Amino acid sequence: MTTTHALRIDGVSRRFGRTEALADVSFTVPEHTICGLLGRNGAGKTTLMSILAGHDRADRGSVQVFGADPFENAPAMSSVSFLRDNQRYPDDYYLKHVLRVGPLFHENWSVEIAEEVAERFRLPAKPPVKKYSRGQLSALGVLIGLASRAPLTIFDEPYLGLDATARQLFYDLLIREYSAHPRTILMSTHLIDEMDGLLEHVVVLDRGRVVRDSTVEDAQQAAFTVSGPATAVEKVVGGARVLRTHRAGGLVSLTIEGALTPALADAASAAGVQVQRATLQDFVAALGALDEAPLTTEGIRA
Ligand SMILES: Nc1ncnc2c1ncn2[C@@H]1O[C@H](COP(=O)(O)OP(=O)(O)OP(=O)(O)O)[C@@H](O)[C@H]1O
């Protein structure tokens, strides 16, 4: 069976003056996937999303969204809904205007979902949208993204300011909508522990480069942590690649690249050190701190 790709990004670079926001980024996202775009502040996530949404153009390389170049391509962009974290609305815009305009931009727009989201997130009809709180603005983005049913829906940190109840509501509605009407969703997030259950695929950027592109399942097997007295830890991990080092007094905790095998678990138990599989959050944090860690266990006692 051949895979249909919703997104094809090939050798994309984007510079802002001296800042290399994206450097030779290549990856694909199959259709009907929820893909997390992860990485530290300034890693290049919003820049890449803007290019995919046709709001910006790569200096080098190519992007294809459902087979077409998105830049200044209105027909191609009718399949895309991009919810920026700092989405602006006209000054005199009220909720009713969003509900009225949505179907004009998105042919699959669901009036029912829009109304449900407005009610369940308690979005007020009265003040103009520009007076909305941070959380209410995010809820409005969630409303547009979910109701659009756009074949490619891009959420840039959609949870900013949302309270815990509202975030859970967003996750529940997203999964419900995705199950009933599959589409491709690209979502940047820093709340990895909270959202990893929603994601199927992850792409991790660091300083504009792809440092991980895999299924979530593979990423969750990609590293483990070993904690205990430095000498004992060193014995257990040998010459393995260290992604991250934490020290507290004579104790050390290392994030190590590789799968946690039964043999390693036995060796750790015999040496009296703790081992556990790294969470996706731990793994991504470690990838973002690579330049702080010694790459081997040499020197961990320093
Ligand atoms: N219009 C611009 N002009 C100058 N520099 C820019 C511009 N847009 C982005 N940058 C720079 O490009 C880099 C990538 O920024 P980007 O917003 O894509 O990061 P991000 O991964 O979305 O970060 P965050 O997680 O903090 O939202 C940063 O160093 C940023 O300062």
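In this predicted model, the shell around the ligand is made up of Phe16, Thr19, Ala21, Gly39, Asn41, Gly42, Ala43, Gly44, Lys45, Thr46 and Thr47. Two elements, strand E2 (19-30) and helix H1 (45-52), each give two or more residues to this shell, and H1 gives the most, with three residues. Sorted by class, the residues of the shell divide into three nonpolar, seven polar and one charged.

A second part of the structure to look at is the pair of helices H4 and H5, where H4 covers residues 111-120 and H5 covers residues 134-148. Their axes come within 8 Å and cross at roughly 155°; because angles over 145 degrees count as roughly antiparallel, H4 and H5 are described as roughly antiparallel to each other. The crossing in which H4 passes H5 is right-handed. The residues that make the contact are set out by helix below.

| Helix | Residues in the contact |
|---|---|
| H4 (residues 111-120) | Ile113, Ala114, Val117, Ala118 |
| H5 (residues 134-148) | Val142, Leu143, Leu146, Ala147 |

By class, this contact of H4 with H5 holds eight nonpolar residues, with no polar and no charged residues.

Finally, consider Val242, which has its place in strand E11 (residues 242-248). Is Val242 buried or exposed? A residue counts as buried if 20 or more other C-beta atoms lie within 10 Å of its own, and Val242 is therefore buried, since it has 23 C-beta neighbours inside 10 Å. Val242 and Gly145 are 97 residues apart along the chain, and their C-alpha atoms are separated by 39 Å.

Terms used. Residues are numbered from 1 along each chain as its sequence is written. This is a predicted model: local features need pLDDT of at least 70, side-chain atom pairs count only at pLDDT 80 or more; totals for chains, interfaces and linings use all residues. A residue is near a molecule or strand if its C-beta atom, placed from the backbone, lies within 6 Å of it. Helices (H or I, at least four residues) and strands (E, at least two) are DSSP runs, numbered from the N terminus. Ala, Val, Leu, Ile, Met, Phe, Trp, Tyr, Cys and Pro count as nonpolar, Asp, Glu, Lys and Arg as charged, and the others, Gly among them, as polar. Axes are lines fitted to C-alpha atoms, for helices over the stretch in contact, and angles run from 0 to 180 degrees between N-to-C directions. Angles under 35 degrees count as roughly parallel, over 145 as roughly antiparallel, 65 to 115 as roughly perpendicular and the rest as oblique. A crossing is left-handed if the near helix is turned anticlockwise from the far one by less than a right angle, and right-handed if clockwise. Two residues are in contact if their C-beta atoms, placed from the backbone, lie within 7 Å. A residue is buried if 20 or more other C-beta atoms lie within 10 Å of its own, exposed if 12 or fewer, and partly exposed in between; C-beta atoms are placed from the backbone.
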